[in-house]
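Trainee: I have a model open and would like to learn how to read its features one by one. Could you walk me through it?

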Amino acid sequence: NIHGKIELACRCCTATFSVGQKGPWANHINGDHSRKEELVNIGSRCDYCGDTVLDAEKVWHLETEHAQHVFLCRICCAADTTCFPYADSVKEMMQHMVMKHGGEFDSYYDHMTYPLELYRTACSSTKCGSSGKFLASTQQLIQKHMSSCHLEAPGEEDPPKTLYFCRCC
């Protein structure tokens with residue numbers, strides 16, 4: 001039954017409703033959220049693109065924007081198409097495989113979808129912290145980071161380098 005899998009959710013808070021609760025969901029959506037403006041500004045940095053994403057929309061953001069950049073469990077995806085069992089590294093995906101699927105298979109490597117890029121990048125500057133790290137790095141993201149965070153005067157300091165790390169080991 002498809003209706004059992006549908007979930008109505010509020011984008012301003014974490015409230016969810018079943019498909020049979022359309023009336024209460026509509027009232028909730030149209031109601032005034034006293035924390036609405038506060039929640040719009042609460043979010044965390046996406047490690048793939050650097051955008052700020054609401055915590056309640058993180059999985060949706062990853063699934064719609066970065067599905068080709070994450071490790072995915074094919075076993076879970078085949079069992080439930082609404083599930084998005086992702087991981088940022090092979091190590092995390094292997095932890096999922098062992099904990100969720102135990103001894104079902106001889107090797108789990110054949111049961112995961114790999115991201116397009118098997119590397120991640122980071123800025124070599126220690127002052128950047130996580131703002132210079134990208135799991136789905138593009139030249140545009142690196143340039144945007146460098147131009148917004150490293151505007152030192154020419155000759156004053158060597159510009160930081162882009163470091164590359166393997167997501168498999």
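Mentor: Gladly. Let us begin with exposure: a residue counts as exposed when its relative accessible area is over 50%, as buried when that area is under 20%, and as partly exposed in between. Keep in mind that this is a predicted model.

Trainee: Is Pro159 buried or exposed?

Mentor: Pro159 has a relative accessibility of 58%, so this residue is exposed. You will find Pro159 in the loop between α6 (139-149) and β10 (162-166). Its C-alpha atom is 9.2 Å from that of Ser124, and the two residues are 35 apart along the chain.

Trainee: And Ser89, buried or exposed?

Mentor: Ser89 is buried, because its relative accessibility is 17%. The residue belongs to the loop between β6 (86-87) and α5 (90-101). A separation of 80 residues along the chain lies between Ser89 and Cys169, yet their C-alpha atoms are 8.3 Å apart.

Trainee: Cysteines make me think of disulfides. How many does the structure hold?

Mentor: The general idea comes first: a disulfide is a covalent bond between the sulfur atoms of two cysteines. The structure holds 0 of them.

Trainee: Why is Cys77 not bonded to Cys83?

Mentor: Cys83 carries the cysteine sulfur closest to that of Cys77, but the distance is 6.4 Å, so the two are too far apart for a bond. Cys77 itself is partly exposed, at 25% relative accessibility.

Trainee: What about Cys128: which cysteine sulfur is nearest?

Mentor: That of Cys123, at 3.7 Å, and Cys128 is in no disulfide. The cut-off to hold it against is 2.5 Å between the sulfur atoms. With a relative accessibility of 10%, Cys128 is buried.

Trainee: Let me turn to charges. How many salt bridges are there?

Mentor: To read one, look for a side-chain nitrogen of Lys or Arg within 4 Å of a carboxyl oxygen of Asp or Glu. The structure holds 1 salt bridge. Its partners are Arg45 and Asp47, whose side chains meet at 3.5 Å, N to O. Asp47 is partly exposed at 35% relative accessible area, and Arg45 is also partly exposed, at 24%.

Trainee: Over which ring does the charged end of Arg45 sit?

Mentor: Over the ring of Phe134, at 4.8 Å from the ring centre. Arg45 thus takes part in the salt bridge with Asp47 as well as in this contact with Phe134.

Trainee: How many aromatic pairs does a search of the whole structure find?

Mentor: It finds 4. Take Phe105 and Tyr108: their ring centres are 6.1 Å apart and their planes meet at 75°, so this pair is edge-to-face. The angle to compare is the cut-off of over 60 degrees. Phe105 is partly exposed, with 29% relative accessible area, whereas Tyr108 is buried, with 7%.

Trainee: Last one: which residues make the nonpolar surface patch of about 280 Å²?

Mentor: Tyr109, Tyr114 and Leu118 make that patch. Leu118 sits in the loop between β7 (112-113) and β8 (119-123). Its relative accessible area is 37%, so Leu118 is partly exposed.

Conventions:
Residues numbered from 1 in each chain as written. Predicted model: local features only at pLDDT ≥ 70, side-chain atom pairs only at ≥ 80, totals over all residues. Heavy atoms only, no water. Phe/Tyr/Trp six-rings, centres within 6.5 Å; stacked < 30°, edge-to-face > 60°. Buried < 20%, exposed > 50% of the residue type's maximum accessible area, 1.4 Å probe, protein only. Lys NZ or Arg CZ within 6 Å of the ring centre and 35° of its normal. Patch = residues over 30% accessible without salt bridge, like charges linked within 9 Å, V, L, I, M, F, W, Y side chains within 5 Å. Areas by Shrake-Rupley, 256 points an atom, 1.4 Å probe, with all protein chains shown as cover. Helix = DSSP H or I, 4+ residues; strand = E, 2+ residues; numbered from the N terminus.
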